[in-house]
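Subject: Structure handover

Hi,

Here is the structure for you to work with. My notes on it follow below.

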Amino acid sequence: MEAYKLRRGEVAAILGLKPRPGGSHGTIDMWLAGKNAVPAGKVAQIEREAPAFVANRLNCQYCGRAAKLVRGVTLYPGHPETHDKYFWRCAPCGAHVGCHPRNKNTKGKPNDGKIPLGSLANKELRRARNRAHAMFDPLWRKGKMKRGEAYSWLRETLGISKEACHIGRFDVELCNRTVDAVAALKKEAK
Ligand SMILES: [Zn+2]
């Protein structure tokens, strides 16, 4: 994901947002986190001129509202290991998604720990994605396949594109098909 093609200052200028004292662009973070209303025309301009930047702003796939960035402490008060991690959340839908760990999966690009792993998921979808990961990940973590081989096999088996082949973007049906496909593969191998 090319989330930061434009500099923050350039995006701030398009949005007409004033930097906070000291020059930080916290107002952009507030906008990205859905806390700062910006006229639709400005958003359309950003989408036209800086699509990569807008890719980091996430809308709820259930209701279309802008998701808000929260820390794990809000969602999982009983799980301290999540407390300083970021999640994108739509409170009305009870949907959220975690983020790539800070400075991991960067491919040379900045990663502030706020890049979502995929689309927002409600409880049913979170469970389905967890089941799919639990079935699929051992193929490359413990099995004979390399990670890339396992994902090639998965996208061919499901008949989806490389771009679409991320469990974090799957719907419940694709998760269930993943679980079934891995089960069939394991049966075959016996
Ligand atoms: Zn929602």
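First, a definition. A residue is buried if 20 or more other C-beta atoms lie within 10 Å of its own, exposed if 12 or fewer, and partly exposed in between. Keep that cut-off in mind for Met 135. Also note that this is a predicted model.

**Met 135**

Met 135 sits in helix α6. It has 19 C-beta neighbours inside 10 Å, so Met 135 counts as partly exposed. Leaving aside residues up to four places away in sequence, Met 135 touches Thr 178, Val 179 and Val 182. Ala 183 is 48 residues from Met 135 in sequence, yet their C-alpha atoms are 7.8 Å apart in space.

**The α6 and α8 pair**

Those three partners of Met 135, Thr 178, Val 179 and Val 182, also appear in the helix contact described here. Helix α6 covers residues 123-141 and helix α8 covers residues 172-189. They pack at an angle of about 30 degrees, and their axes are 9 Å apart. α6 and α8 are therefore roughly parallel to each other. Their crossing is left-handed.

Which residues make the contact? From α6 come Glu 124, Leu 125, Ala 128, Arg 129, Arg 131, Ala 132, Met 135, Phe 136 and Leu 139. From α8 come Val 172, Cys 175, Asn 176, Thr 178, Val 179 and Val 182. By type, the residues of this contact divide into ten nonpolar, two polar and three charged.

**Overall make-up**

The protein has eight helices and three strands. From the N terminus on, the elements run α-α-α-α-β-α-β-β-α-α-α. Of the 190 residues, 19% are buried. Now take the contacts with a separation of 6 or more. Residues 24 or more positions apart account for 51% of them.

**The sheet**

The three strands form an open sheet in the order β1-β2-β3, and the pairing is antiparallel. β1 (68-71) and β3 (95-98) stand at the edges. Each has a single partner strand, so one side of each is left without a neighbour in the sheet. The twist averages 35 degrees from one strand to the next.

Now the pairings. β1 and β2 are joined in the antiparallel sense over four bridges. There, Leu 69 stands opposite Trp 88 in β2. Strand β2 (residues 86-90) and β3 also pair in the antiparallel sense, over four bridges. Phe 87 stands opposite Gly 98 in β3. Arg 89 stands opposite His 96 in β3.

The hairpin of β2 and β3 has four residues between the strands. In that hairpin, Gly 94 takes a positive phi near 60 degrees.

**Strand β2**

Is β2 enclosed or open? Five of the five residues of β2 are buried, so β2 is largely enclosed by the rest of the structure. In a regular strand the side chains alternate between the two faces of the sheet. In β2, Tyr 86, Trp 88 and Cys 90 point one way. Phe 87 and Arg 89 point the other way. All of these residues are buried, Arg 89 included.

**Where to look**

For the helix pair, start at Met 135, which is among the contact residues of α6. For the sheet, start at β2, which pairs with β1 and with β3.

Best wishes

How values were computed
Residues are numbered from 1 along each chain as its sequence is written. This is a predicted model: local features need pLDDT of at least 70, side-chain atom pairs count only at pLDDT 80 or more; totals for chains, interfaces and linings use all residues. Axes are lines fitted to C-alpha atoms, for helices over the stretch in contact, and angles run from 0 to 180 degrees between N-to-C directions. Helices (H or I, at least four residues) and strands (E, at least two) are DSSP runs, numbered from the N terminus. Angles under 35 degrees count as roughly parallel, over 145 as roughly antiparallel, 65 to 115 as roughly perpendicular and the rest as oblique. A crossing is left-handed if the near helix is turned anticlockwise from the far one by less than a right angle, and right-handed if clockwise. Two residues are in contact if their C-beta atoms, placed from the backbone, lie within 7 Å. Ala, Val, Leu, Ile, Met, Phe, Trp, Tyr, Cys and Pro count as nonpolar, Asp, Glu, Lys and Arg as charged, and the others, Gly among them, as polar. Two strands pair if DSSP finds at least two bridges between them.
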